[in-house]
Amino acid sequence: MVASQPMIQLRRVFRSFGSTQAVHDVSFEVEAGQVFGYIGPNGAGKTTSMRILATLDLPDYGDALIDGFSCVNDPDRVRRRLGFMPDNFGTYANMNCIEYLDFFARSYGILGRDRTRALRRTLAYTGLDKIAEKSIRGLSKGMRQRLCLGRAMIHDPAVLILDEPANGLDPRARIELRQMICGLAAEGKALLVSSHILSELGEMCDSIGIIERGKLIVSGTVAEIKTKLRPHIDVLVQLTDGGEQLSHWLAGKPKVANIQVSERVVRFQFACTDPQLQAELLRAIISANFSVLEYSTESRSLEDVFLQITTGAVQ
Ligand SMILES: Nc1ncnc2c1ncn2[C@@H]1O[C@H](COP(=O)(O)OP(=O)(O)OP(=O)(O)O)[C@@H](O)[C@H]1O
Ligand SMILES: [Mg+2]
């Protein structure tokens, strides 16, 4: 059997605006039938990366691929496979819902009965069938979000990119949105969905990526992220000599991970934030006759970053 290729791929994407590095070396993949939650505070770089995937912007370096086609070199093929729901609605206030969707169906070149079917399917899926003739001007925020999702799915794309679809929705509308997103994934579509808040996405996502100041600080399945986010401290030990020996000595110790040696400097993570246990570890290193010149700890763990982000703190 041929291994399935990812439907959404960012490969080492960089994008700057002047001195702002909006997206800095971001890579991730989303398979068919999967929902990837893209989480980060205001200005983190979510919209910038999504616009690149939607062929509305170009990376300075790297590539973005939809169903294996490059957003940079093959944008027409990408657009046929992709539906993008932007974070702002645009102004089409003089139309009603069905006219709005019909307009986008025509712009995708969907003709005749296919268009009638596409409209019926989209209106039913988004629950807009009861208000198909209602003017867009009179729609509530939740109804507008549904219409925006409808526009993104009118041509039945294999990939959907939804930029903060839950923004401004009440709890009930959020649950309904979640059901729609899970339904689309169950049909085999790949979805990339952004939000500021983990709890908004956690339950419906197969994988998540947390972006902060343009950098993807952690990504993986929800279970993997929970493991990675266990509280830890980053420790730096500078010695007069014996860096390699210390790294071997540390390798056998509990709660110690990610040991890196650079000449006489050893860095590692200690999966414990209890100061007593930290002091015991230092005592043990010195008792084992390592000649320590400097010992420092960095307490800003991923857990801190994660909490900061998921409580919605702005950078
Ligand atoms: N066209 C642009 N010109 C200049 N700076 C830009 C442009 N687009 C984005 N930026 C900057 O790039 C950074 C990332 O912005 P982006 O819109 O991607 O963040 P975001 O994660 O979507 O934020 P939000 O949660 O507020 O939507 C910000 O500092 C923003 O000011
Ligand atoms: Mg944004």
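Leu65 stands opposite Ser70 in strand 5. That pair belongs to a predicted model, and it is a good place to start reading the fold.

**A hairpin and its turn**

Leu65 lies in strand 4, which covers residues 61–66. Strand 5 covers residues 69–70. The two strands run antiparallel and are joined by two bridges. Together they form a hairpin, with two residues between them. What is the phi of Asp67 in the turn? The phi of Asp67 is positive, about 50 degrees.

**The sheet around it**

The hairpin is part of an open sheet of four strands. What is the order of the strands? They are arranged 2-1-4-5, and the pairing is antiparallel. Strands of a sheet pair through backbone hydrogen bonds, either parallel or antiparallel.

Which strands stand at the edges? Strand 2 and strand 5 do. Each has a single partner strand, so one side of each is left without a neighbour in the sheet.

The table lists the pairings in this sheet, together with one pairing of strand 11 and strand 14.

| Strands | Sense | Bridges | One facing pair |
|---|---|---|---|
| Strand 1 and strand 2 | antiparallel | seven bridges | Ser16 and Gln21 |
| Strand 1 and strand 4 | antiparallel | five bridges | Phe14 and Tyr61 |
| Strand 4 and strand 5 | antiparallel | two bridges | Leu65 and Ser70 |
| Strand 11 and strand 14 | antiparallel | six bridges | Asp234 and Glu298 |

Strand 1 spans residues 8–17, and strand 2 spans residues 20–30. Their pairing runs over seven bridges, and Ser16 faces Gln21 in strand 2. A helix also packs on this sheet: helix 1, residues 46–53, touches strand 1, strand 2 and strand 4. The direction of helix 1 makes about 120 degrees with that of strand 1.

**Strand 14**

Now look further along the chain. Strand 14 covers residues 292–298, and its partner strand 11 covers residues 233–239. Is strand 14 well covered or hardly covered? Strand 14 is hardly covered: none of its seven residues is buried.

**Helix 3 and two neighbours**

Helix 3 runs over residues 97–107. Helix 4 runs over residues 112–126. Their axes are 10 Å apart and the helices pack at an angle of about 130 degrees. That angle makes helix 3 oblique to helix 4. The crossing is right-handed. From helix 3, the contact uses Ile98, Leu101, Asp102 and Ala105. They meet Arg115, Ala118, Leu119, Thr122 and Leu123 in helix 4. By class, this contact holds six nonpolar, one polar and two charged residues.

Helix 5, residues 141–153, also packs with helix 3. Here the axes come within 9 Å and cross at roughly 25 degrees. Why does helix 3 count as roughly parallel to helix 5? Angles under 35 degrees count as roughly parallel, so helix 3 is roughly parallel to helix 5. This crossing is right-handed. Cys97, Tyr100, Leu101 and Phe104 in helix 3 meet Leu147, Gly150 and Arg151 in helix 5. The contact has five nonpolar residues, one polar and one charged. Leu101 appears in the contact with helix 4 and in the contact with helix 5.

**The whole chain**

Step back to the full view. The chain has eleven helices and 14 strands. Its C-alpha atoms fill a box of roughly 80 × 45 × 40 Å, taken along the principal axes. Of the 315 residues, 37% are buried. Among contacts with a separation of 6 or more, 67% link residues 24 or more positions apart.

How values were computed
Residues are numbered from 1 along each chain as its sequence is written. Chains are lettered from A and ligands numbered from 1 in the order in which they are written. This is a predicted model: local features need pLDDT of at least 70, side-chain atom pairs count only at pLDDT 80 or more; totals for chains, interfaces and linings use all residues. A residue is buried if 20 or more other C-beta atoms lie within 10 Å of its own, exposed if 12 or fewer, and partly exposed in between; C-beta atoms are placed from the backbone. Two residues are in contact if their C-beta atoms, placed from the backbone, lie within 7 Å. Two strands pair if DSSP finds at least two bridges between them. Axes are lines fitted to C-alpha atoms, for helices over the stretch in contact, and angles run from 0 to 180 degrees between N-to-C directions. Angles under 35 degrees count as roughly parallel, over 145 as roughly antiparallel, 65 to 115 as roughly perpendicular and the rest as oblique. A crossing is left-handed if the near helix is turned anticlockwise from the far one by less than a right angle, and right-handed if clockwise. Ala, Val, Leu, Ile, Met, Phe, Trp, Tyr, Cys and Pro count as nonpolar, Asp, Glu, Lys and Arg as charged, and the others, Gly among them, as polar.
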